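Here's a quick tour of a protein model for anyone who likes to look at side chains before planning the day. Have the sequence and the 3D view open as you read.

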Amino acid sequence: MTKVTITLKEEDRLFIETALKTGRYVTESEAVADAIAELRTREELHQARFAELRAKVKTGLDQLDRGEGIEWNVADVKTKGRALLSAQKNAA
């Protein structure tokens with residue numbers, strides 16, 4: 001294990017200190033390791049969502065290349081969107 005020194009904002013230092021005092025973590029290293037694990041999980045989720053978005057864009061572009069596109073205008077999209085939102089609110 002490599003020892004690393006990091007500089008924290010005062011509020012972050014106090015947050016970790018409180019977590020140690022309450023027993024949430026035993027050591028500062030444990031708190032930092034948990035934070036890194038959370039960051040890693042969040043980054044993996046971000047990458048998965050980005051890959052999904054990229055795939056959807058590619059699907060759309062492929063459809064356009066095959067001539068499967070449809071014309072639309074902003075007013076129609078707004079009207080349909082507002083109707084959908086209204087239906088969802090009424091259903092709740």
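Which residues make the nonpolar surface patch of about 480 Å²? In this predicted model, the patch is made by Phe50, Leu53, Val57, Leu61 and Leu64. Take Leu61 as an example: this leucine is found in helix H2, and it counts as partly exposed at 48% relative accessibility.

**How far to trust the coordinates**

The protein chain averages a pLDDT of 95, and 100% of the residues score at least 70. Among the elements, H2 has the highest mean pLDDT (97), while helix H3 (residues 74-91) has the lowest (94). As a rule of thumb, predicted coordinates should not be read in detail where pLDDT is low.

**The helices and what follows them**

Helix H1 covers residues 10-21. Its twelve residues should span 16 Å at 1.5 Å a residue, and that agrees with its end C-alpha atoms, which are 16 Å apart. Right behind H1 comes glycine 23, with a positive phi near 90 degrees.

Helix H2 runs over residues 28-65. With 38 residues, H2 reaches 55 Å from its first C-alpha to its last, close to the 56 Å expected at 1.5 Å a residue. Here too a glycine turns up: glycine 67, just after H2, takes a positive phi of about 80 degrees.

Alanine 48 is another H2 residue to click on. Its relative accessible area is 44%, so it is partly exposed. Between alanine 48 and leucine 84 there are 28 Å in space, C-alpha to C-alpha, and the two are 36 residues apart in sequence.

**Salt bridges**

How many salt bridges are there? The count comes to seven, and the table shows three of them, with N to O distances.

| Pair | N to O distance |
|---|---|
| Glu17 and Lys21 | 3.4 Å |
| Asp34 and Arg24 | 3.6 Å |
| Lys58 and Asp62 | 2.9 Å |

Start with glutamate 17 and lysine 21, whose side chains meet in a salt bridge. Why can they pair up along H1? The two are four residues apart in that helix, so about one helical turn separates them. In an α-helix there are 3.6 residues a turn, so residues three or four places apart point the same way. As for exposure, glutamate 17 is partly exposed with a relative accessible area of 29%, whereas lysine 21 counts as exposed at 67% relative accessibility.

Next, look at aspartate 34 and arginine 24, whose side chains are joined by a salt bridge at 3.6 Å. Aspartate 34 lies in H2 and arginine 24 in the loop between H1 and H2, so this pair ties together parts that are ten residues apart in sequence. Aspartate 34 is partly exposed, its relative accessible area being 24%, while arginine 24 counts as exposed at 53%.

The last pair in the table brings lysine 58 and aspartate 62 together at 2.9 Å. Both lie in H2, four residues apart, or about one turn of the helix. Aspartate 62 is partly exposed, with a relative accessible area of 28%.

Some salt bridges also share partners, and in that way Glu10, Arg13, Glu17 and Lys21 are joined into one network.

Terms used:
Residues are numbered from 1 along each chain as its sequence is written. Side-chain values use heavy atoms; hydrogens and water are left out. A salt bridge is a side-chain nitrogen of Lys or Arg within 4 Å of a carboxyl oxygen of Asp or Glu. Buried means under 20% relative accessible area, exposed over 50%, partly exposed in between (1.4 Å probe, protein chains only). The expected span of a helix is 1.5 Å times one less than its number of residues. pLDDT is the predictor's confidence in each residue, from 0 to 100. Patches are made of residues with over 30% relative accessible area and no salt bridge: like charges are joined within 9 Å, nonpolar side chains (Val, Leu, Ile, Met, Phe, Trp, Tyr) within 5 Å. Accessible areas come from the Shrake-Rupley method with a 1.4 Å probe; for residues, only the protein chains shown count as cover.
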